[in-house]
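This briefing introduces one protein chain to a reader who has not met it before. Please keep the sequence and the structure in view while reading the points that follow.

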Amino acid sequence: MTNVVVLIKQVPDTWSERKLREDDFTLDRDSADPVLDEINERAVEEALLIKEKHGGEVTVVCAGPDRATDAIRKALSMGADKAIHINDPALHGSDAVQTAYILAAALGTVEGTELVITGNEATDGRVGAVPAMISYYLGIPQLTHVRKLEIEGDKATAERETDEGVFTLEAPLPAIVSVNEKINEPRFPSFKGIMAAKKKPIETLTLADLGVEADVAGVSNAATTVTGATPKPPRTAGEKVADEGDGGNAIAKYLIAQKIV
């Protein structure tokens, strides 16, 4: 039996145009369609594969506003058993350090957790440090940027690919593992899974429920602050060249003028 917790996040669709809010320069999450981060789908899939092999249950944990429930239901429809939704207005604008601290507090409420799986980085922030920070707060080993994972008994064995080669990592359980896009191909939720997800339990917790003071979180208490932002300039019309037999020369002159060649 292996009880796995998966940390998931709802993010603006990667393929949509994203922008910052004008009041506090945090990500404008209402400007694009919200989706379950793709790397989190792979993290959920890996947890489900472990459950199918070793038994146990899969719990998903998500911090976010009311609409984050959609991402949670997606994970539940894939096959996760239950969820914890950290929902508190004070979370808005929290940085990576604050987020890791709050998630660590939430993980402390899940009894019997032997393994925590996350994506290696979220597509909206791309910090990639939250799993390591959680490892520090919980005092458990970390295996990060993993492309292959095996659980045997009370030990996790993983592969990490780098520019220097492939490394084998080992850690005793409980541990936290972050996975990359090579770990697996996530399954599509079945109609049965989608219907079943509607009845699966989602426990909603505030910062107070976690024993976390409100002034620990939020943009006003973050260690880093964005003080200004300039929108990218609008695209301008390109230069047209009428090919009257010398189009190749005109293109070459343009490339030389732009110092491309």
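**Helix H2 and the overall picture**

In helix H2, which covers residues 69–78, the buried residues are Ala 71, Ile 72, Ala 75, Leu 76, Ser 77 and Met 78. Directly after H2 comes Gly 79, whose phi is positive at about 140°. The model described here is a predicted one, and the points below are grouped by topic.

**The chain as a whole**

- The protein chain contains six helices and 12 strands, and its C-alpha atoms fill a box of roughly 75 × 45 × 40 Å when this is taken along the principal axes.
- Of the 261 residues in the protein chain, 39% are buried, while the accessible surface of the chain comes to about 15000 Å², with 52% of that area belonging to carbon and sulfur atoms.
- Among contacts in the protein chain with a separation of 6 or more, 71% are between residues that stand 24 or more positions apart.
- The side chains include 28 positive and 42 negative ones, and the centres of these two sets lie 4 Å apart.

**The nonpolar surface patch**

- A nonpolar patch of about 550 Å² on the surface is made by Val 97, Tyr 101, Tyr 136, Tyr 137, Leu 138 and Val 216.
- At least two residues of the nonpolar patch come from each of two helices, H3 (96–107) and H4 (130–138), and H4 provides the largest share, namely three residues.
- Val 97, one of the patch residues, is found in helix H3, and it counts as partly exposed because its relative accessibility of 38% falls between the limits of 20% for buried and 50% for exposed residues.

**Pro 186 and its surroundings**

- Pro 186 has its place in the loop that runs between strand E11 (175–179) and helix H5 (191–197), and with a relative accessibility of 17%, which is under 20%, Pro 186 therefore counts as buried.
- When its neighbours within four places in sequence are left aside, Pro 186 is in contact with Glu 41, Arg 42, Glu 45 and Met 78; of these partners, Met 78 is also one of the buried residues of helix H2.
- Pro 186 and Ile 39 are 147 residues apart along the chain, and their C-alpha atoms are separated by 9.2 Å.

**Backbone details in loops and at the end of the chain**

- The peptide bond that joins Leu 173 and Pro 174 is cis, with an omega of about 5°, and Pro 174 itself lies in the loop between strand E10 (165–172) and E11.
- Arg 126 is a residue other than glycine with a positive phi, in this case near 55°, and its position is in the loop between strand E6 (115–119) and H4.
- Lys 259 likewise is not a glycine and has a positive phi, of about 60°, and its place is in the segment that comes after helix H6 (247–257).
- Lys 259 counts as exposed because its relative accessibility is 74%, which is over the limit of 50%.

Methods:
Residues are numbered from 1 along each chain as its sequence is written. This is a predicted model: local features need pLDDT of at least 70, side-chain atom pairs count only at pLDDT 80 or more; totals for chains, interfaces and linings use all residues. Side-chain values use heavy atoms; hydrogens and water are left out. Patches are made of residues with over 30% relative accessible area and no salt bridge: like charges are joined within 9 Å, nonpolar side chains (Val, Leu, Ile, Met, Phe, Trp, Tyr) within 5 Å. Accessible areas come from the Shrake-Rupley method with a 1.4 Å probe; for residues, only the protein chains shown count as cover. A salt bridge is a side-chain nitrogen of Lys or Arg within 4 Å of a carboxyl oxygen of Asp or Glu. Helices (H or I, at least four residues) and strands (E, at least two) are DSSP runs, numbered from the N terminus. Buried means under 20% relative accessible area, exposed over 50%, partly exposed in between (1.4 Å probe, protein chains only). Contact means heavy atoms within 4.5 Å. Lys and Arg count as positive and Asp and Glu as negative; His and the chain ends are not counted. The place of a charge is taken as NZ of Lys, CZ of Arg, CG of Asp or CD of Glu.
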